[in-house]
Amino acid sequence: MDISLILIIVAVLFVTFAAILKRYKRCPSDKVMVIYGKTGKNKSGSISSARCIHGGASFIWPVFQDYAFLDLKPISIECNLTNALSKQNIRVDVPCRFTVGISTEADSMTNAAERLLGLSIDNIQNIATDILFGQLRLVIATMDIEEINADRDKFLAAVSQNVEAELRKIGLKLINVNVTDIRDESGYIEALGKEAAAKAINDAKKSVAEQNRFGEIGKAEADRDKDIRIAETQRDTRIKTAAANAMAVQGENTSKIDIANSDAMRREKEAEAARIAVAAEKVQAAKALQEAYQSERDAELARAEREKATQQANIVVPAQIDKERQIIEAEAEAEKLRRTAKGEADAIYAKMEAQARGTLEILTKQADGFAQLVGAAEGDAQKAVLMMISDRLPELVKTQVEAVKGIKIDKVTVWDGNNGKDGKTSTANFISGLMGSVPPLQDLFKMAGMNLPEYMKGKEVAPEDQEPAKKEGK
């Protein structure tokens with residue numbers, strides 16, 4: 001017995017230890033384990049809806065707690081935003097690709113456990129897509145096209161700030177955002193590109209002109225140095241000639257420098273004028289398109305309001321009136337049916353109750369009469385029945401007589417070959433047989449399980465037999 005008890009205790013301890021080990025759950029590094037059920041209170045003192053663990057393990061209490069996992073794998077979402085309205089009321093197309101995932105921050109994990117637990121990747125992607133589209137439109141509406149196109153870092157920072165704040169509410173985190181290309185339907189961005197290209201070309205032309213000018217100056221200086229060296233070697237004989245040539249060359253170089261400077265300034269002014277003209281033309285075209293889009297939008301909004309009011313008046317209002325009319329008619333019909341049914345039910349109940357009371361009264365009176373009749377017969381039920389039959393005897397005799405009452409003897413014709421016996425005619429035999437077919441009272445009493453008294457059978461009754469009858473008559 002002691003060894004068996006020890007084995008049982010060991011088995012129980014082993015099973016308990018195995019159950020405890022089975023309920024001890026570890027969380028993988030690419031998942032968040034959410035423990036829900038009775039999880040206690042959080043830091044603020046309120047009841048916690050779930051407890052989230054990342055990269056650890058915990059014991060799951062049976063019955064009171066259960067667990068599930070949230071996947072931390074990144075989710076790539078393509079947001080090809082089209083016709084987004086910028087701050088300048090110019091519609092642009094901004095194709096973007098966002099990479100999001102479940103956040104591992106404490107508050108964000110709790111939000112993810114409350115709002116995303118049990119959802120598939122497609123459902124989470126749809127929710128995040130709606131948030132991304134809305135925030136992307138909001139950021140574009142607060143920036144000019146020049147800022148969006150030129151300062152991509154500022155645009156991406158604004159998108160990240162707005163999107164991440166909204167994604168944190170449902171437990172997601174923005175990992176990366178990539179803007180591939182920005183286009184607009186009015187050609188404003190293309191015009192800005194052409195303007196930048198024209199400016200670069202003009203700057204290049206200006207640089208070439210300056211380099212040409214520097215080259216001419218260097219060449220002139222080299223020629224001057226060469227002439228000076230020649231003049232020094234010839235010394236006395238050609239000093240004046242060399243000096244004159246040098247002065248002539250110097251004047252010529254000065255003239256060429258002035259010409260080059262004048263050409264450079266002219267080209268610079270032409271390029272500046274061309275740039276200003278192109279920019280002014282594009283700005284005016286953009287303003288015209290902006291005003292046209294604004295007018296079209298106002299017209300479309302007015303038309304939409306008019307169509308909405310028309311549809312409201314033509315469809316919604318009659319439908320509402322018809323609905324209320326049908327409801328009132330249905331309620332009236334239902335009330336009528338309820339009242340009719342209640343009246344019929346009350347009438348049936350009153351009729352059945354009256355019939356029941358009448359039947360009960362009849363049966364009660366009959367029972368009282370039967371009781372009194374049996375009492376008068378000194379408790380003998382057979383005598384009581386005889387008394388009742390005696391009371392109904394005239395009706396029984398009348399019933400027998402009624403059987404042949406309607407026969408008209410003068411209308412009866414019998415064909416039997418005139419074979420009458422004992423002086424009886426055929427008609428007499430027919431009448432006798434007809435009367436004989438009526439059951440006598442003796443047979444009726446036998447049918448009821450009783451015997452007809454001897455004095456009613458037409459027989460002589462002895463005096464000693466009459467005494468009881470007389471006593472009973474008394």
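Here is a chat between a student and a tutor about this predicted model.

Student: How many helices and strands are there in the protein?
Tutor: Let's start with the overall picture. The protein has 474 residues, and 19% of them count as buried. As for its helices and strands, the count is 11 helices and nine strands.

Student: What share of the contacts with a separation of 6 or more comes from residues 24 or more positions apart?
Tutor: Take the contacts in the protein with a separation of 6 or more, then pick out those whose residues sit 24 or more positions apart. That share is 68%.

Student: How far apart are the end C-alpha atoms of helix α5?
Tutor: Start from the 1.5 Å that each residue adds. Helix α5 covers residues 152-168, which is 17 residues, so it should span 24 Å. The model agrees with that, because the end C-alpha atoms are apart by 24 Å.

Student: Why do the buried residues of α5 line one face of the helix, and within what arc do they fall?
Tutor: The buried residues in α5 are Phe-155, Val-159, Val-163 and Leu-167. Look down the axis of α5: the buried residues share a narrow range of directions, so they line one face, and the arc is 80 degrees.

Student: Which exposed residues does the face of α5 turned away from its buried side carry?
Tutor: Flip your view to the face turned away from the buried side of α5. The exposed residues there are Asp-153 and Gln-161.

Student: Which helix gives the largest share of the largest nonpolar core?
Tutor: The largest nonpolar core has 42 residues, and Phe-98, Ile-140, Phe-155 and Leu-167 have the most contacts inside it. Seven residues make up the largest share of this core, and they come from helix α3.

Student: How many residues are in the other core, the one that lies apart?
Tutor: Look for Cys-27, Met-33, Ile-35 and Ile-53, which are among its members. In general, nonpolar side chains in soluble globular proteins tend to be buried together. This other core has a residue count of five.

Student: Which residues of α3 are buried?
Tutor: Helix α3 has 21 residues and reaches 30 Å from its first C-alpha to its last, close to the 30 Å expected. Along α3, the buried ones are Ile-124, Ala-128, Thr-129, Ile-131, Leu-132, Gln-135, Leu-136, Val-139 and Ile-140.

Student: Which residues of α5 and α3 does Phe-98 contact, leaving aside its neighbours within four places in sequence?
Tutor: Phe-98 has a list of contacts that includes Ile-75, Ile-77 and Leu-174. Helix α5 covers residues 152-168, and helix α3 covers residues 121-141. Matching the contacts of Phe-98 to those ranges gives Val-159, Val-163, Leu-132 and Leu-136.

Student: Is Trp-61 buried or exposed?
Tutor: Trp-61 pairs with Phe-59 edge-to-face, 5.0 Å centre to centre, with 90 degrees between the planes. Phe-59 has 21% relative accessibility, so it counts as partly exposed. Trp-61 has 51%, and the cut-off is over 50%, so Trp-61 counts as exposed.

Student: What is the angle between the planes of Tyr-67 and Phe-69?
Tutor: Tyr-67 is partly exposed at 25% relative accessibility, and Phe-69 is partly exposed at 34%. Their rings form an edge-to-face pair, 5.7 Å centre to centre, and the angle between the planes is 80 degrees.

Student: Which residue has its backbone nitrogen 3.3 Å from a polar atom of the side chain of Ser-103?
Tutor: Find Ser-103 in the loop between β7 and α2. Ser-103 counts as buried, because its relative accessibility is 2%. The backbone nitrogen lying 3.3 Å from a polar atom of its side chain belongs to Glu-105.

Student: How far apart in space are Ser-108 and Arg-168, C-alpha to C-alpha?
Tutor: Ser-108 is in helix α2, and its relative accessible area of 1% makes it buried. Ser-108 touches Ser-103, Arg-168 and Gly-171, not counting residues up to four places away in sequence. Ser-108 and Arg-168 are 60 residues apart in sequence, yet in space their C-alpha atoms are apart by 5.9 Å.

Methods:
Residues are numbered from 1 along each chain as its sequence is written. This is a predicted model: local features need pLDDT of at least 70, side-chain atom pairs count only at pLDDT 80 or more; totals for chains, interfaces and linings use all residues. Side-chain values use heavy atoms; hydrogens and water are left out. Helices (H or I, at least four residues) and strands (E, at least two) are DSSP runs, numbered from the N terminus. The expected span of a helix is 1.5 Å times one less than its number of residues. Buried means under 20% relative accessible area, exposed over 50%, partly exposed in between (1.4 Å probe, protein chains only). The arc is that of the directions from the helix axis to the C-beta atoms. A nonpolar core is a set of buried Ala, Val, Leu, Ile, Met, Phe, Trp, Tyr and Cys residues joined through side-chain atoms within 4.5 Å. Contact means heavy atoms within 4.5 Å. Rings of Phe, Tyr and Trp (its six-membered ring) pair if their centres lie within 6.5 Å; planes under 30 degrees apart count as stacked, over 60 as edge-to-face and the rest as tilted. A polar contact is a pair of N or O atoms within 3.5 Å; within protein, one must be able to donate a hydrogen and the other to accept it, and residues adjacent in sequence count only if both atoms are side-chain atoms.
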